[in-house]
Amino acid sequence: MSSFTKEQAVNLRAQLLRASVQCSERCLYQSAKWIAELASSLKDPADFNSPDDPDSDIVMPDGYPPDNIPIFSTSEDEEESRLEAQEIGNYLLAKSFFDCREYDRCAAVFLPLNHAPINASSVSPEPDSQTPTRAVKGKGKVPAQSPEAIPRPRTTTLPRMSQKSLFLALYAKYMAGEKRKDEDSEMIMGPMDTGATINKELIEIARRLEDWFQERAVQGKEAQNQGWLEYLYGVVLAKSNSNEDAKEYLVKSVHRNPFIWSAWMELRDLLTNVEALRTITPKLPPHLFTILFNLDANQSLYQTSPDTHSAITELLKAFPTSHYLLTQRALLYYHSKDYEESESLFSSIIHSSPHRLDSLDHYSNVLYVMSSRPKLAFLAQLATQTDKFRPETCCIVGNYYSLKSEHEKAVMYFRRALTLDRNFLSAWTLMGHEYIEMKNTHAAIESYRRA
């Protein structure tokens, strides 16, 4: 990382900013935020030395600082660019619906409404003939049945549209299905909460994507695929428990466009052990985000090797103010049981960015282990004032009450975190700990199983 030249740093920053715009255009807001933060933490290109002359003061390329980053990106493919220009009005309308959480209206802007409705019985079998299910990391409990194994509704030809608009429409359908799934789900840990509620839009999304991929293959246009639809299909396959197929399409996605951070995170969630990470690493593209992915994946698998520390050190030379990288180092110390160093790093992160809540639930775990009630109380107050309806905030407050031995209140806040995000791993695990303290073994086992 430290061997970057000034020109490379300028180009990397421009690529990161463009990638953030592209993620935002497709409503992948967490990825857009993460990439924008990474771009802002990149060392100023003027501070990078030329490898030929370390003391040289070369002229920066025209357009730096980058004042011409577009609000909307344009495709390098001529046909895609023309389609995007023709659709700009409908695209803006659809995106405004998405931003207002009107997902069905968003999808209807681009997708025809004359297809046969999906019969709920085709995706929700009768209790006496249910498909076996199993837990998948980060995905909850879903039927062990791929979209290909389910009878397909009659085919509806997709209208001609750009890949950006097609992604937005199908992603809106996915989000609509997720919203209805949450609405249909029972109360967290209630008597009917089995975790088996599914997204009923997955079948139609899979069918449309399969038809699109097949059409692209017939036309010989696979090389022009941008990677976004491969990512979405990987998500659908993962939700349908077709993990190996999901990995295949997610790897395709990051090869087409390595800046799709959401695809990297989905791929990470499918890795259940270190061997799986070692198997998939050679298949990944040589890219900065591959290094970041390996770092994140090793963290999620609780690997605290010296190589991981070295990788963070090298990355911090290029991104010295990256809160993400500093958080990764703090987590490394936490997993190594070096709580003092971890607490010190988390404290410095809060000092520099007091409204950043990402990963602060882990900081509350550190403070809990250290029995530092005053600091945990301050953290809970800070998080509550910033956003009381974030899962991280609820876990922080839950840890505070747990440290006070008010276990019923702690469980209430962990349940609240799961109501906001049922896939929030920390909340399931921490709630299991509380049930152990309350001598409710059955509920503890169920919490750990769901985690």
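## Buried charges in helix H6

A residue counts as buried when its relative accessible area is under 20%, and in this predicted model both Arg208 and Glu204 are buried. Their side chains meet in a salt bridge, with 2.9 Å from N to O, and the two residues lie in helix H6 (residues 202-219), where they are 4 residues apart, about one turn of the helix.

Arg208 and Glu204 also belong to a network of salt bridges that links them with Asp104, Lys173, Arg180, Glu201 and Arg207.

## Salt bridges between separate parts of the chain

The structure holds 28 salt bridges, among them one between Lys239 and Glu178, whose closest N and O atoms are 3.6 Å apart. Because Lys239 lies in helix H7 (residues 228-239) and Glu178 in helix H5, this pair ties together parts that are 61 residues apart in sequence; both Lys239 and Glu178 are buried.

A salt bridge also joins Arg390 to Asp358, with the closest N and O atoms 2.9 Å apart. Arg390 sits in the loop between helices H16 (373-386) and H17 (391-403), while Asp358 sits in the loop between helices H14 (339-352) and H15 (360-369), 32 residues apart. Arg390 counts as partly exposed at 22% relative accessibility, whereas Asp358, with a relative accessible area of 18%, is buried.

## Packing of helices H3 and H5

The axes of helix H3 (residues 78-99) and helix H5 (residues 163-184) come within 8 Å and cross at roughly 25 degrees, which means that H3 is roughly parallel to H5. Residues making the contact include Tyr91, Ala94 and Phe98 of H3 and Leu168, Tyr171 and Met175 of H5. By class, the contact has 7 nonpolar, 2 polar and 5 charged residues.

How values were computed: Residues are numbered from 1 along each chain as its sequence is written. This is a predicted model: local features need pLDDT of at least 70, side-chain atom pairs count only at pLDDT 80 or more; totals for chains, interfaces and linings use all residues. Side-chain values use heavy atoms; hydrogens and water are left out. Axes are lines fitted to C-alpha atoms, for helices over the stretch in contact, and angles run from 0 to 180 degrees between N-to-C directions. Angles under 35 degrees count as roughly parallel, over 145 as roughly antiparallel, 65 to 115 as roughly perpendicular and the rest as oblique. Contact means heavy atoms within 4.5 Å. Ala, Val, Leu, Ile, Met, Phe, Trp, Tyr, Cys and Pro count as nonpolar, Asp, Glu, Lys and Arg as charged, and the others, Gly among them, as polar. A salt bridge is a side-chain nitrogen of Lys or Arg within 4 Å of a carboxyl oxygen of Asp or Glu. Buried means under 20% relative accessible area, exposed over 50%, partly exposed in between (1.4 Å probe, protein chains only).
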